[in-house]
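Q: I have a structure open that I have not looked at before. Could you walk me through it step by step?

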Amino acid sequence: MAVLNVIDRSGERHALETVEGWRVMELVRDQRLGLEGVCGGACACASCHVVVADEWASRLPPPRDEELTKLDELPVLEIHSRLSCQIIWRDEFDGLTVTLAEET
Ligand code: FES
């Protein structure tokens with residue numbers, strides 16, 4: 001099974017089981033690691049903000065304008081910030097590592 005690696009806000013690393021077609025936000029939220037996903041994936045809240053590991057940033061589908069607009073509203077943004085609700089899991093992402101952004 002393809003694995004999603006998540007680094008939580010205390011720096012602890014978690015290897016999560018994945019389901020093809022699920023949003024990364026859903027995969028993380030269901031493990032209660034502190035990622036809320038308030039809007040349920042509607043790209044309206046940014047509570048699913050994660051930072052994608054450098055080596056993965058260019059291997060994911062690029063963000064759409066809607067996601068970029070929402071990210072721009074965040075007070076703190078990293079170069080590889082993404083909204084995890086906009087990343088739909090594919091098994092080819094096996095080993096993807098994301099870090100939960102600080103809550104804003
Ligand atoms: S869950 Fe609200 S923007 Fe991602």
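What follows is a short chat about the fold, the sheet, the core and a few loop residues.

Q: Before we start, what kind of model is it, and how are the residues numbered?
A: This is a predicted model, in which local features need pLDDT of at least 70 and side-chain atom pairs count only at pLDDT 80 or more, while totals for chains, interfaces and linings use all residues. Residues are numbered from 1 along each chain as its sequence is written.

Q: OK, how many helices and strands are there in the protein chain?
A: The protein chain has three helices and five strands, where helices (H or I, at least four residues) and strands (E, at least two) are DSSP runs numbered from the N terminus. Read from the N terminus on, the elements come as β-β-α-β-α-α-β-β.

Q: And the overall dimensions, what box do the C-alpha atoms fill?
A: Taken along the principal axes, the C-alpha atoms of the protein chain fill a box of roughly 35 × 25 × 25 Å. The radius of gyration is 12 Å, which agrees with the value near 13 Å for a compact globule with 104 residues; the radius is taken over C-alpha atoms, and the globule rule is 2.2 Å times the number of residues to the power 0.38.

Q: Now the sheet: in what order do the strands sit?
A: The five strands form an open sheet in the order S2-S1-S5-S3-S4, with mixed pairing; two strands pair if DSSP finds at least two bridges between them. Strand S2 (13-17) and strand S4 (81-83) stand at the edges with a single partner strand each, so one side of each is left without a neighbour in the sheet.

Q: Which strands run parallel, and which antiparallel?
A: Strand S1 (residues 3-7) and strand S5 (residues 97-100) run parallel and are joined by three bridges, with Ile-7 standing opposite Thr-99 in S5. S1 and S2 run antiparallel with five bridges, and there Val-3 stands opposite Glu-17 in S2. Strand S3 (residues 49-52) runs antiparallel to S4, again through three bridges, and His-49 is opposite Leu-83 in S4. S3 also runs antiparallel to S5, joined by three bridges, and Val-50 has Leu-100 as its bridge partner in S5.

Q: Going back to S2 at the edge, how many of its residues are buried?
A: Of the five residues of S2, the number buried is zero, so this strand lies largely in the open. Here a residue is buried if 20 or more other C-beta atoms lie within 10 Å of its own, exposed if 12 or fewer, and partly exposed in between, with C-beta atoms placed from the backbone.

Q: What sits between S1 and S2?
A: S1 and S2 form a hairpin with five residues between them, and Gly-11 in the turn has a positive phi of about 90°.

Q: Different topic: which residues touch the most other members of the largest nonpolar core?
A: That core has 17 residues, of which Val-24, Met-25, Val-28, Cys-48 and Val-98 touch the most other members. A nonpolar core is a set of buried Ala, Val, Leu, Ile, Met, Phe, Trp, Tyr and Cys residues joined through C-beta atoms within 7 Å. S1, helix H1 (24-29) and S3 are the elements that give two or more residues to this core, and the largest share, four residues, comes from H1.

Q: What does Val-98 touch?
A: Not counting residues up to four places away in sequence, Val-98 touches Val-6, Val-24, Val-50, Val-51, Val-52, Ala-53 and Ser-84; two residues are in contact if their C-beta atoms, placed from the backbone, lie within 7 Å.

Q: And in the loop between H1 and S3, where Leu-35 is found, is that residue buried or exposed?
A: Leu-35 is found in the loop between H1 and S3, and it counts as buried because it has 27 C-beta neighbours inside 10 Å. Its contacts include Met-25, Cys-48 and Leu-100, not counting residues up to four places away in sequence.

Q: Which phi does Arg-32 have?
A: Arg-32 has a positive phi of about 55° although it is not a glycine. Most residues other than glycine have a negative phi. Arg-32 is placed in the loop between H1 and S3, and it counts as exposed because it has 7 C-beta neighbours inside 10 Å.

Q: What about Cys-43?
A: Cys-43 is not a glycine either, and it has a positive phi of about 60°. Cys-43 is found in the loop between H1 and S3, and with 17 C-beta neighbours inside 10 Å it counts as partly exposed.
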